[in-house]
Amino acid sequence: MIYQKDIKWDANYDVVVLGFGGAGATAARFAADNGAKVLLVDVAPEGHEGGNTRYSAQLIGTGNDFNELKKYYQSLTAPMSLDEEMIDTYVAGMVDIPNYVTKYLGVKPCSAKNYAPEARYAFEEFPEFPGSTSYDFTTVRESWFDAALWKILKEEVVKRQDQIDVMYETPAKELIQDQVSRKIEGVLIECKHQLLKVQAKTGVVMCTGGFENNQTMIEDFIGAKKLAPLGTLYNKGDGIKMAQQVGADFWHLYNYESLGLLHGMAFAVPKGERGRLMLGKQNEVVAHGSSFVVGDDGTRYFNEAEENRHGHIKNHGQWKVPLNQEHPYLIFDKAKKAELDQDPIIGNYQPYTDNVIEAATIGELAEKIGVAKATLEDTLARFNQACQAGNDPEFRRDPKTLRAFTAGPLYAVRMEQTMLNTQGGARRNKEAEVLDTKGKAIPHLYSAGEFGGICANQYQGGNNLAECLIWGKIAGENAAKAKDDVTVDAASGASAHDVHLNSDLEHEDYPTGKDQYIGRSNGGMGGEIVVRVTADKQKNLQNIEVLKQAESEDYGLKAIKTMPAEMVKENKVDVDAVSGASSTCRGLKAAVNDALDKIDQ
């Protein structure tokens, strides 16, 4: 959107941050700490903010030796090239992460090497690369996949609500740019179907994440027909479109990360739904024994039992995410089906149980999944021959993982390649400034996080969260700095008085009646869980109402809907957890116990 001198601003802020994920929360916090009045907007509804940070394993990449860590990161980037100043800024930031966590997040940093040495495969994902032994994960608790880091980052924003206004379900539509100076003057946002022009006097920070839920961009930039998202459903590439309009340069648009079963796959889910991340035991039961995966033509196309590295597997000397297939299938026999059915996760997962295809012969199965009969028959024959010989000449699968198919019915279930996140977007420099196609900074425009992420080739777990914290801080501080070129508009009167918008951050008060008590817990995956418990003086449960929660739509929400009634029915808090929602279950139980504890007060 072109800036006009007589523009009438609907609101005025020093800094506007687009996207309330890990990077956006960090940028807003540090902008506020440097004296800025901040507006933080997010397209997601309240309770679904957090971007991919919320769904991540909560691992922050770190290291203890700058020179060794730099060697490792350069090896991860190779054979691609990357500006050395960017690498130095990144690596120095990772070395400082334990101090950062202590100083800015107020918790004791935990080293995965110390408390989880058995997970070396994760924090040294590419052990053959020089410098790999210098890498570690820093966490804020001795646990993973519990949203602990995200909840701290969000709380740091909530603590600063006098300085930071937050608006949910408020997408940014366009950047407002001066056509002469190219300076970013503000942002056009949409709130409750109303377009508002918001002035950003010293800077706009783009933390809008990737484009993993934009099918056109997935096809154009990555060349994939269907990828199952594992994280947020709200990253749709809006930031890329806005950056294009103001002349930004781009990098790493081809690069994305995967994870999960096999080479980074999940059981197929309907369009618009999140796939389920399965690792460890579930991967072993899928990948070992009488099972294999076929691509679109009915042939195998990778070693099913090879451990993937964020979706990358070895491809003629380099680690690459395999070529995406439109309709890959897991093929298995009745012995393997029994193993899958008995697995406590897979056997209770509807995208598996509801979609298994059965056939009496391999030829019939080929017809049902839409591949050539002769090809699938040949694929099965070659697999069985490899099992009998104890040698898989095509893909070198470990003989210990091979088991020939038995007689009887055969089965197939559709799989999908997963998408953790994209890495590409607007090119930035070490000061978190967004660059144009000539390598010049676009004035007053900054970025952080996965929107224009630094990762260029192989990906080591923990890199993205480190980037959110490192460049989130840099972007927030630089955006808040006083600028000599700030425009004062007579039409808006911004120099005389600023107009701010209504923030969605507020502390709710919940009414209670006789024998009713409010309980709270921050133990869930999505943040605070608030319940109203009705119980007598002996703590006999009569009713449990969930007043506030922000759990995921799949398993977390299932726990929220079913567990309160089960607690009342059994008259106890410690009921069986819902599979796949352990954090939500713990948080809900803690909230109910918090309410019951008030009976004694």
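## Exercises on strands, loops and burial

Your warm-up pair is L18 and V41: V41 is the residue of β2 that serves as bridge partner to L18. This is a predicted model. Keep the structure open while you work through the exercises.

**Exercise 1. Find out in which sense β1 and β2 pair, and which residues of β2 are buried on each of its sides.**

Step 1. Locate the two strands: β1 covers residues 11-18, and β2 covers residues 38-41.

Step 2. Look at the pairing. β1 and β2 run in the parallel sense and share four bridges. The L18 and V41 pair from the warm-up joins β1 to β2.

Step 3. Recall a general rule: side chains in a regular strand alternate between the two faces of the sheet.

Step 4. Sort the residues of β2 by side. V38 and L40 lie on one side, and L39 and V41 lie on the other. Each of these four residues is buried, and both faces of β2 are covered.

**Exercise 2. Work out the strand order of the sheet that contains β3, β4 and β5, and explain why β3 and β4 each have a side without a neighbour in the sheet.**

Step 1. Write down the order. This open sheet has three strands, arranged β3-β5-β4, and the pairing is antiparallel.

Step 2. Find the edges. β3 (60-63) and β4 (110-111) each have a single partner strand, so one side of each has no neighbour in the sheet.

Step 3. Check one of the pairings. β3 is joined to β5 (residues 135-139) by four bridges in the antiparallel sense.

Step 4. Pick out residue pairs between β3 and β5. T62 has D136 of β5 as its bridge partner, and G61 sits opposite F137 of β5.

Step 5. Decide which way the residues of β3 point. I60 and T62 point one way, G61 and G63 point the other way, and all of them are buried.

**Exercise 3. Inspect the backbone at P79, L262 and N571, and state what is unusual in each place.**

Step 1. Start from the background: most peptide bonds are trans, and most residues other than glycine have a negative phi.

Step 2. Go to P79, in the loop between α3 (66-77) and α4 (84-95). The peptide bond from A78 to P79 is cis, and its omega is near 5°.

Step 3. Move to L262, in the loop between β12 (256-257) and β13 (265-267). Here phi is near 60°, which is positive although L262 is not a glycine.

Step 4. Go on to N571, in the loop between α17 (555-570) and α18 (582-597). Phi of N571 is near 55°, again a positive value in a residue other than glycine.

Step 5. Add the surroundings. L262 has a relative accessible area of 1% and is buried, whereas N571 is partly exposed at 34% relative accessibility.

**Exercise 4. Place N384 and M419 in their elements and list what they touch beyond their neighbours in sequence.**

Step 1. Assign the elements. N384 belongs to helix α15 (residues 373-389), and M419 belongs to strand β19 (residues 410-419).

Step 2. Judge the burial. The cut-off for buried is under 20% relative accessible area. N384, at 16%, is buried, and M419, at 0%, is buried too.

Step 3. List the contacts, leaving aside neighbours within four places in sequence. N384 touches A404 and F405. The contacts of M419 include E212, I218, L227, P229, Y256 and E257.

Step 4. Compare sequence separation with distance in space. N384 and G453 are 69 residues apart along the chain, with 44 Å between their C-alpha atoms. M419 and K5 are 414 residues apart along the chain, and their C-alpha atoms are separated by 43 Å.

**Exercise 5. Describe the chain as a whole, from its elements to its surface and charges.**

Step 1. Count the elements: the chain has 18 helices and 26 strands.

Step 2. Consider the packing. The radius of gyration is 26 Å, close to the 25 Å that the globule rule gives for 601 residues, so the chain is as compact as a globular protein of that length.

Step 3. Note the dimensions: the C-alpha trace spans about 85 × 70 × 45 Å along its principal axes.

Step 4. Turn to burial and contacts. Of the 601 residues, 59% count as buried. Among contacts with a separation of 6 or more, 73% join residues 24 or more positions apart.

Step 5. Finish with the surface and the charges. The accessible surface is about 24,600 Å², and carbon and sulfur atoms account for 47% of that area. There are 66 positive and 86 negative side chains, and the centres of these two sets are 1 Å apart.

How values were computed:
Residues are numbered from 1 along each chain as its sequence is written. This is a predicted model: local features need pLDDT of at least 70, side-chain atom pairs count only at pLDDT 80 or more; totals for chains, interfaces and linings use all residues. Side-chain values use heavy atoms; hydrogens and water are left out. The radius of gyration is taken over C-alpha atoms; the globule rule is 2.2 Å times the number of residues to the power 0.38. Buried means under 20% relative accessible area, exposed over 50%, partly exposed in between (1.4 Å probe, protein chains only). Contact means heavy atoms within 4.5 Å. Accessible areas come from the Shrake-Rupley method with a 1.4 Å probe; for residues, only the protein chains shown count as cover. Lys and Arg count as positive and Asp and Glu as negative; His and the chain ends are not counted. The place of a charge is taken as NZ of Lys, CZ of Arg, CG of Asp or CD of Glu. Two strands pair if DSSP finds at least two bridges between them.
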